[in-house]
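I opened this model to see how its chain packs, and I kept notes as I went. The entries below follow the order in which I looked things up.

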Amino acid sequence: MFTPTRRDTLALGAGALITSLIGPGGVAQAAVGDTLTIAFNVNLPAFDPTVGPSAVNPSIQAIYRSVFDQFVGQKPNLAFEPGLLTAWGWSDDKKKVWMDVREGVTWHDGSPFTPEDVVWSLERAADPKTGNPITFVWSELSNFKIDGKRVTADAKQYDPVLFKWMAFLTGYVLPKAYYTKVGAEGFEKKPIGTGPYMVDEYQGNAFLRLKANPKYWGGKPAFQTVVFKFVTDATSRVAEIESGSSDLTLEIPYEEFDRLKKKKGLTGVATPITDIGMIFINSDDAKTLTKDVRLAANLAIDKQAIVKRLLRGYGVPLATLEAPEYEAFDPSIKVVHDPKKAAALMKAAGYSPEKPLKTKIQTTRGLKPKDYEMIQAIVGMWRKIGLDAEIEVYEVAKHFQLRTSHKLAPFAFYNWGNAIGDPTTSTGFAMFGPSPHSSWKSKDVDAMIGPLWGETDEKKRIAGWKAVSKYVAEQGDVIGLLQYAQPVVYKSELKVIPNISGALQPTLVSKKA
């Protein structure tokens, strides 16, 4: 029997409030019926999956994929599959692209989905006025033409990752006629897509209730109703699943995961995913954050100890921004924990524990298991070599605002998601100066990355990215920490298919037969 402590009672207070707002039909208690209730770890700032900071937040994609469909689909094992496009490719001369559009699909309002929706969505994504964070990808296409179900377009240059992007961040198709009629504000009030679920009710930072799309082209969803309860506090998510108020939750502390999965009526899975923990370094502080200081900061971190002690072994230490599942992962690149060398580098830079370099590091708290505690541990390791960092806690939405405006602190922890596993969408956008997602901006790194964007020789392209990763590690321009395993706890009557991308979509959850 669950006996709540005072901490649990306080945590359940917020959950009870949400439950009262949802109504008696919105939350499954003893058993899972036609409603799946998820205690989710982030809020939903906006419904449009193609504009603003939330569009590039990996944590929200599970919601977006529930309501909208992407140009190209992606399986839980990261393999690509047909989405609203059934086939796609490049012309032999690599100057044009072609796309075959799925037929027989309808929008949530009953209107037909057409090739015009695909063209409009791509043209809109390419327009910088719309606020798409990656217009530099979509703007590569122009001069669209429609012939039956086939769409063709001219490409400014060959992009080996273009169609992968169509299964990734902002790669969603929106309704041309409906959006044009209601505008951005009207779309936020009543969004529609072609996805497996339709928006039924949304209450600010409290919850989102979805209803199954009876005409979904991909088949009938397992649940008639899905409720995402926005529970950003990890302790509250634990209370949600343990009390039975929610059927499933994720991203809880690993010690709670180990405890809860053993309880009667609950089970769990922790799968390595494409998310990595990293620390951005701001090049605006290059005068104080010299190469010696940056390398010292990296060498001082005992990543093995963090994974073993804080994460209970659920994680993989990294030396770069490439995880083992990524195409450009190079296990030969090492950044070995060496506190003596780190202290020597700090001493050479004029700092010591007695005369430290004072700085700041920003971090989320509860977005990922032990994120804040991890930074506390790292700050303690830094203090021993003469790097005294003040910790500032912020929400992930604030991180996006600061990063895109290049106003992050000298050090900033972040959870980087790369569901398509390509180096352009990890090392590339995190380290290329012109990218709005980079913090360390330098001409030497840009000179290495620039030619790789349009490289047609795949072996040469991947080798080039490995060389970039090695150089960045040697310069200490960014700190790769670890690859995460995503803890998911759910009622034992459910069947959950883990998603290596980390997007826990309701379509991957069903009731056991």
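**Ser469 and its surroundings**

I began with Ser469, which, leaving aside its neighbours within four places in sequence, is in contact with Thr320, Glu322, Ile333 and Thr427, where contact means heavy atoms within 4.5 Å. I note that this is a predicted model, in which local features need pLDDT of at least 70 and side-chain atom pairs count only at pLDDT 80 or more, while totals for chains, interfaces and linings use all residues. Residues are numbered from 1 along each chain as its sequence is written, and side-chain values use heavy atoms, with hydrogens and water left out.

I placed Ser469 in helix α16, residues 458-475; helices (H or I, at least four residues) and strands (E, at least two) are DSSP runs numbered from the N terminus. Ser469 is buried, at a relative accessible area of 3%, on a scale where buried means under 20%, exposed over 50% and partly exposed in between, with a 1.4 Å probe and protein chains only. I also looked up Leu321, which is 148 residues from Ser469 along the chain, and found their C-alpha atoms separated by 7.5 Å.

**Asp444**

I then turned to Asp444, which sits in helix α15, residues 443-449, and counts as partly exposed at 34% relative accessibility. From its C-alpha to that of Val472 I read 9.8 Å in space, for a pair 28 residues apart in sequence.

**Positive phi values**

I listed residues with positive phi and took Asn143 to begin with, a residue other than glycine whose phi is near 55°. Asn143 is found in strand β6, residues 141-147, and is partly exposed, with a relative accessible area of 42%.

His406, also not a glycine, has a positive phi near 55°, but its place is the loop between α13 (396-404) and β16 (411-417), and at 19% relative accessibility His406 counts as buried.

Arg312, just after α10, takes a positive phi of about 55°. That led me to helix α10 (residues 303-310), whose buried residues are Lys303, Ala305, Ile306 and Val307, and these pack against α9 (291-299), β13 (315-317), α12 (371-383) and β17.

**The core**

Which residues have the most contacts inside the largest nonpolar core? I found Trp138, Met166, Ile279 and Trp382, in a core of 150 residues, a nonpolar core being a set of buried Ala, Val, Leu, Ile, Met, Phe, Trp, Tyr and Cys residues joined through side-chain atoms within 4.5 Å. Strand β17 (residues 479-491) gives the most to this core, with eight residues. For Trp382, not counting residues up to four places away in sequence, I recorded a list of touching residues that includes Ile279, Ala297, Ile361, Phe411 and Ile479.

**The whole chain**

I closed with totals, and counted 16 helices and 19 strands in the protein chain. Its radius of gyration, taken over C-alpha atoms, is 23 Å, close to the 24 Å that the globule rule (2.2 Å times the number of residues to the power 0.38) gives for 513 residues, so the chain is as compact as a globular protein of that length. Along its principal axes the C-alpha trace spans about 70 × 65 × 40 Å, and buried residues make up 58% of the 513 residues. Of the contacts with a separation of 6 or more, 70% are between residues 24 or more positions apart.
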